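Colleague: I am new to reading protein models and would love a close look at a single part. Could you pick one strand and walk me slowly through what surrounds it?

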Amino acid sequence: STSRGLGDVYKRQDDTHVNQERQHHISEAQAKEFIQQAAISVTVWNGRFERYYSQNGVAYVDLLKKEIRTAYGKAEYDASTQALMEALEQNGLFREY
């Protein structure tokens with residue numbers, strides 16, 4: 001699939017959803033870092049959303065609105081996300097920064 005121009009393409013973050021409703025306490029800069037450092041991304045909802053998975057956190061992007069919909073740090077990974085991160089690490093899929 002084609003790269004969607006990570007980072008600066010997503011100009012704003014839905015603060016109400018990200019930081020108030022879910023209480024993740026992730027800044028827009030942190031969410032953009034998760035996107036830029038993602039080892040993988042997954043397209044969901046028939047191409048509407050892209051989920052970016054990095055060692056430090058996850059960011060969900062609404063591709064139609066071009067905004068970061070939600071983001072959370074690694075401390076909030078559930079068991080399946082933690083298992084995914086372990087598999088990525090074991091297979092050398094994280095980039096060095």
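Modeller: Happily; what follows is a tour of strand 4 and its surroundings.

A word on the ground rules comes before the tour. This is a predicted model, so local features need pLDDT of at least 70 and side-chain atom pairs count only at pLDDT 80 or more, while totals for chains, interfaces and linings use all residues. Residues are numbered from 1 along each chain as its sequence is written, and side-chain values use heavy atoms, with hydrogens and water left out.

Let us start with the strand itself. Helices (H or I, at least four residues) and strands (E, at least two) are DSSP runs, numbered from the N terminus. Strand 4 covers residues 57-62. Is this strand mostly covered or mostly open? Strand 4 is mostly covered, with 6 of its 6 residues buried. Here buried means under 20% relative accessible area, exposed means over 50%, and partly exposed is in between, using a 1.4 Å probe and protein chains only.

Now look at where the side chains go. In a regular strand, side chains alternate between the two faces of the sheet. In strand 4, G57, A59 and V61 point one way, whereas V58, Y60 and D62 point the other way, and all are buried.

Next come the neighbours on either side. Two strands pair if DSSP finds at least two bridges between them. Strand 3 and strand 4 pair in the antiparallel sense over 5 bridges, and the two form a hairpin with 3 residues between them. Within this pairing, F49 has D62 of strand 4 as its bridge partner. Strand 4 also runs antiparallel to strand 5, joined to it by 6 bridges. There, V61 stands opposite I68 in strand 5. The hairpin of strand 4 and strand 5 has 4 residues between the strands, and in it K66 takes a positive phi near 55°.

V61 and I68 also bring us to the core. A nonpolar core is a set of buried Ala, Val, Leu, Ile, Met, Phe, Trp, Tyr and Cys residues joined through side-chain atoms within 4.5 Å. The largest one has 11 residues, among them A59, V61 and I68. Helix 2 (28-36), strand 4 and strand 5 (67-73) are the elements that give two or more residues to this core. Helix 2 gives the most, with 3 residues. There is also a second, separate core of 8 residues, which includes Y60, Y72, M85 and L88.

Y60 deserves a pause of its own. A pair of aromatic rings is described by the distance of the centres and the angle of the planes. Rings of Phe, Tyr and Trp (its six-membered ring) pair if their centres lie within 6.5 Å; planes under 30 degrees apart count as stacked, over 60 as edge-to-face and the rest as tilted. By this rule the count comes to 3 aromatic pairs. One of them is Y60 with Y72, edge-to-face at 6.1 Å centre to centre and 70° between the planes. Y60 lies in strand 4 and Y72 in strand 5, so this pair ties together parts that are 12 residues apart in sequence. The rings of Y72 and Y77 have their centres 6.2 Å apart and their planes at 80°, so that pair is edge-to-face. Ring pairs link Y60, Y72 and Y77 into a cluster. Both Y72 and Y77 are buried.

Y60 has a charged companion as well: R51 lies over the face of its ring, at 4.7 Å from the ring centre. A charge sits over a ring if NZ of Lys or CZ of Arg is within 6 Å of the ring centre and within 35 degrees of the ring normal.

The last stop is D62. A salt bridge is a side-chain nitrogen of Lys or Arg within 4 Å of a carboxyl oxygen of Asp or Glu. The structure holds 2 salt bridges. In one of them, the side chains of D62 and R48 meet at 2.6 Å, N to O. This pair links distant parts of the chain, with D62 in strand 4 and R48 in the loop between strand 2 and strand 3, 14 residues apart. D62 counts as buried because its relative accessibility is 2%, whereas R48, at 29%, counts as partly exposed.
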